[in-house]
Amino acid sequence: MRLGMPGRGFRLGALLGLAVAACGGCGGGADSPPVLERSVPPVEGLSADALRGLLRDGSAPATVVNVWATWCLPCREEFPDLVQLEREFRPSGVRVVLVSADFPDRRGEVEAFLAEQGVGFRTFLKQGPDMEFIDTLSAQWSGALPGTFVFDARGALQWSVEGKTDLPTLRRVVETVLAGNASGRS
Amino acid sequence: MRVLGIVATVVLSGWVAPAQGAIGIGAKAPMAGVAMENVDGRRLSIADAAGPKGTLVIFSCNHCPYVKAWESRMVALATDCTKRGIGVIVINPNDPEAYPEDAMPAMQQRAKEKGYTFPYVVDATSDVARAFGATRTPEVFLFDATGALVYHGAIDDNAQDEAKVTKRYLADAVEAVLAGREVATKETKALGCSIKFRKPVS
């Protein structure tokens, strides 16, 4: 699997530190929330080839892929649900793969948004031609953002949606895919 | 939300039915007679914009980074089309409530700044985009002289970097139409901003 183009980490702690410093005398003391040192793992490049490898590596019972962008309003609106989904299903080994479709010169904005959302797992920036990337996820996807795709343990697409989705829907789909794996459905 | 596909037993009750997708190759432009407000104050339809050798319909908007990235190429190509007998109409189907940058005053400013030589109109109900099955901006539909769709999809294969374009899909399709040849690559896809449809009027 080629993941190429290692990115820069982004430390939310620095931003929060600045915010606290700017706040100065606006309360605080023992009741103040602690300054969190949350770091966002480097955003890695992801080509269609690498995506195919990732989907078929057999390391997760289900993989949820979401393609988003910082400037995309519905993407931003649904993003907390995807982060929550990852938290809830991490113990089951479910993998949430967030792929930013921002242009590479917006890596800073991508990392800032990931930090703001409290994303602590590896995420990606789309690399290479659009059409191959789109069709690797689903031939039915037009390429409109956001797009969310749920694959089973074998890397077979089980469900997908173009446009905003939500946590209850995703929970239901992931649980159904996990149940399908367990029952040995082919 | 457009549920694209549900495989095997994941089907649960209450799912949204999949959308029909875009009009197919060979189809005529739907809602071609619907007049839409242009940036110059006139009201124009797709039929009004049609050229003797074909018609290029582009769903576009102001706010989308993909539109911005492709815009200089789009304007150059569309201007070339109008000079060579292919009519052009650029249609903004987005709800400006969601993206204020897509409201008419901003459209007028953009058309002026970027030197649009063709209509840039508002699809005030988003119904024209719905009828085409368009989902994103930019998304192009090229019709030949008989009014049949001959190309649907992206402008080329690299929004971000013109120097790295290897396939000029729309330019090649335009040349084929003007030469009376069959378009080689009829449908392509690219990442784009999803259209923010206005709520349907029931």
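Among contacts in chain A between residues at least 6 apart in sequence, what percentage join residues at least 24 apart? The figure is 76%. Keep in mind while you look around that this is a predicted model.

## Chain A at a glance

Let's start with the overall make-up. Chain A contains six helices and nine strands. It has 186 residues, and 41% of them count as buried.

## A covered strand in chain A

A good place to zoom in is strand S8 of chain A, residues 147-152. Is this strand mostly covered or mostly open? It's mostly covered, with six of its six residues buried. That goes for both faces: Gly147(A), Phe149(A) and Phe151(A) are buried on one side, while Thr148(A), Val150(A) and Asp152(A) are buried on the other.

S8(A) also has strands to pair with. Strand S4 of chain A, residues 62-68, runs antiparallel to S8(A) and is joined to it by six bridges. Strand S9 of chain A, residues 157-162, pairs with S8(A) in the antiparallel sense too, this time over five bridges. Phe151(A) is a handy residue to follow here: it stands opposite Thr63(A), and its bridge partner in S9(A) is Leu157(A). As for what holds such pairs together, strands of a sheet pair through backbone hydrogen bonds, either parallel or antiparallel.

If you trace the chain from S8(A) to S9(A), you're following a hairpin with four residues between the two strands. Gly155(A) sits in that turn and has a positive phi of about 85°.

## A four-stranded sheet in chain B

Over in chain B, there's an open sheet of four strands in the order S3-S2-S6-S5, with mixed pairing. Which strands are at the edges? They are S3 and strand S5 (86-92) of chain B, each pairing on one side only. Further in, strand S2 of chain B (residues 36-38) and strand S6 of chain B (residues 120-122) run antiparallel and are joined by two bridges. Glu37(B) has Val122(B) as its bridge partner in S6(B).

## Arg43(B), a residue to look at

Arg43(B) lies in strand S3 of chain B, which covers residues 43-44. Why does Arg43(B) count as exposed? A residue is exposed if 12 or fewer other C-beta atoms lie within 10 Å of its own, and Arg43(B) is exposed because it has 12.

Setting aside neighbours within four places in sequence, Arg43(B) is in contact with Ala35(B), Met36(B), Glu37(B) and Asn38(B). There's also Val122(B), which is 79 residues away from Arg43(B) in sequence. In space, the two are 9.5 Å apart, C-alpha to C-alpha.

## Where the two chains meet

Now for the meeting of the chains: 32 residues of chain A are in contact with 24 residues of chain B. On the chain A side, helix H3 (73-89), helix H5 (130-137), strand S7 (144-145), S9 and helix H6 (167-182) each supply at least two residues. Which of these gives the largest share? That's S9(A), with six residues. By class, the side of chain A that touches chain B has 17 nonpolar, 10 polar and five charged residues.

Strand pairing crosses between the chains as well. S7(A) runs parallel to strand S10 of chain B (residues 192-194), and two bridges join them. To find the spot, look for Ala144(A), whose bridge partner in S10(B) is Gly192(B).

Key: Residues numbered from 1 in each chain as written. Chains lettered and ligands numbered in written order. Predicted model: local features only at pLDDT ≥ 70, side-chain atom pairs only at ≥ 80, totals over all residues. Buried ≥ 20, exposed ≤ 12 C-beta atoms within 10 Å, placed from the backbone. Contact = placed C-beta atoms within 7 Å. Pairing = 2+ DSSP bridges. Nonpolar A, V, L, I, M, F, W, Y, C, P; charged D, E, K, R; others polar.
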